Amino acid sequence: MQIGRIGGLTVGAQGLGCAGMSEFYGPTDDVESAATIHRALDLGVTLFDTADIYGRGANEKLLGQALAKRRDEAVIATKFGLVRAADGFARTVCGDAGYVRRACEESLRRLGVDHIDLYYQHRVDPAVPIEETVAAMAGLVAAGKVRELGLSEAGAATIRRAHAVHPLAAVQCEWSLWTRDLEQDGVLRTCRELGVTLVAASPLGRGFLTGRFTSAADFEPLDFRRATQPRFADGNLERNLAIAARLQALAHRHGVTAAQLALAWVHHRGADVVAIPGTKRRKYLEENVIAADLVLSESELGDLSAAVPAAAVAGERCDPAMARQLGL
């Protein structure tokens, strides 16, 4: 696999998002998830993305246990800052210095490691100056508990302010053929100006661009997409299925899967972009990894953008609660 850089970290150009191994996308299977993590390492995937909120800490534990005997092969990225309420659904954001330090200690314990390679603030806390949060994060670097810092879903101005306190290695944002906000809102331009790697989350449109869905009946009962994501709601879903069908047809002509073609589009965004498609199954991991080495011409990239025009996507990319956390 081609190599990418995140600050002083060397990573494969495609990482693995681990959230779905513990919740969100239907039933989970820790045995298969651990096997998927091991297979990822075998295939050259080195960046593993988790967060303290995923599975209420269970995802960090799963990842730490799976990597315990191969820790030196992996780059572990985790996040803090989203706090779940007792009901498990409502979330608040916290970024004060004391919380940053406590959250890091708890993540280190769950992961079973002595340092975190890449530590993100999951969401920016509007009640706490970003300078305070990043200064606390920088203290973790100085203490040897964290190697590199990042922000997740932050605006361009916030990225600049944070970077002035301590250099950021990465900014993680949702980026795919059907979610291209960061190309217009200054985030991508700012990251490139500052030399910050862009980590593309949900590069398969939360799985929608794989072509595996043909109707609402294809989703598991516990799948959060149908319950909370506007693009998967009745009405929007049917309109978006037409977009997925066009991508599927284009992929068929190229002799690849829709997922591989959609991921290849992200990989062609630049050498400073690392994609982290999520999966909990080896089958889909092996399919996704192939995309890191697909080469597309300018004409083919143009065909892709025309097949999945961002303006034609029906529905907002997130529910009102998440939109508030993102300041949208």
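# A guided tour of the model

A search of the whole structure finds 1 cavity of 30 Å³ or more. Keep in mind as you go round that this is a predicted model.

**Stop 1: the cavity**

Start with the largest cavity, whose volume is about 50 Å³. To bring up its lining, select Glu174, Trp178, Thr179, Gly205, Arg206, Gln229, Arg231, Phe232, Glu316 and Arg317. Colour these by type and you will get 5 charged, 3 polar and 2 nonpolar residues.

**Stop 2: the hairpin**

Next, go to strand S1 (3-6) and strand S2 (residues 9-12). The two strands run antiparallel and are joined by 4 bridges. Together S1 and S2 make a hairpin, with 2 residues between them. Pick out Ile6 and you can find its bridge partner, Leu9, in S2. In the turn, click on Gly7, which has a positive phi of about 60°.

**Stop 3: a pocket by the hairpin strand S1**

Stay with S1 for a moment, as S1 and S12 are the elements that give two or more residues to the lining of the second largest pocket. This pocket has a volume of about 200 Å³. Of the 14 residues that line the second largest pocket, select Gln2, Ala13, His267, Gly270 and Ala292, which lie nearest its centre. The lining as a whole divides into 8 nonpolar, 5 polar and 1 charged, while the lining of the largest cavity from the first stop has 2 nonpolar, 3 polar and 5 charged.

**Stop 4: the open sheet**

Now show the strands as a cartoon. Which order do the 8 strands of the open sheet follow? Reading across, you will pass S3-S4-S5-S8-S9-S10-S11-S12, with parallel pairing. The edges are strand S3 (16-17) and strand S12 (273-276), each of which pairs on one side only. As a general point, strands of a sheet pair through backbone hydrogen bonds, either parallel or antiparallel.

For a look at one pair, select residues 47-49 (strand S4) and residues 75-80 (strand S5), which pair in the parallel sense over 3 bridges. Here Leu47 stands opposite Val75 in S5. Then add helix H4 (residues 130-142), which packs on the sheet and touches S5, strand S8 (116-121) and strand S9 (146-152). Turn the view until H4 and S9 both lie in the plane of the screen: the direction of H4 makes about 155° with that of S9.

**Stop 5: the loop after S9**

Follow the chain from S9 into the loop that leads to helix H5 (156-165), where you will find Glu153. Although Glu153 is not a glycine, its phi is positive, at about 55°. Is Glu153 buried or exposed? Its relative accessible area is 14%, so Glu153 counts as buried.

Move on into helix H5 and select Arg161. With a relative accessible area of 40%, Arg161 is partly exposed. Leaving out residues up to four places away in sequence, Arg161 touches Pro129, Ile130 and Glu131. One distance to draw here runs between the C-alpha atoms of Arg161 and Gln121, which are 40 residues apart along the chain and separated by 14 Å.

**Stop 6: the loop between S3 and H1**

Return to the edge strand S3 and follow the loop between S3 and H1, where Glu23 is found. Glu23 has a relative accessible area of 18% and is therefore buried, the limit being under 20%. Not counting residues up to four places away in sequence, Glu23 touches Thr28, Ile53, Tyr54, Gly55, Arg56 and Arg84. In this loop between S3 and H1, also select Phe24. The phi of Phe24 is near 85°, a positive value in a residue other than glycine.

**Stop 7: H1 and H10**

Continue into helix H1 (residues 30-42) and stop at Thr36. Thr36 is buried, with a relative accessible area of 0%. What surrounds Thr36? Leaving aside neighbours within four places in sequence, Thr36 is in contact with Leu16, Met21, Thr279, Lys280, Arg281, Arg282 and Leu285.

Leu285 takes you to the last selection, helix H10 (residues 282-290), where Tyr284, Leu285, Glu287, Asn288 and Val289 are buried. Show S3, H1 and helix H9 (258-267) around them: these elements are among what covers the buried residues of H10.

Key. Residues numbered from 1 in each chain as written. Predicted model: local features only at pLDDT ≥ 70, side-chain atom pairs only at ≥ 80, totals over all residues. Heavy atoms only, no water. Pairing = 2+ DSSP bridges. Contact = heavy atoms within 4.5 Å. Axes fitted to C-alpha atoms, helices over the stretch in contact; angles between N-to-C directions. Buried < 20%, exposed > 50% of the residue type's maximum accessible area, 1.4 Å probe, protein only. 1 Å grid on protein atoms, 1.4 Å probe; cavity = no way out; pocket = protein on both sides within 12 Å on 5 of 7 lines; lining within 4 Å. Points joined across faces, edges and corners; volume = space filled by probe spheres on them. Nonpolar A, V, L, I, M, F, W, Y, C, P; charged D, E, K, R; others polar.
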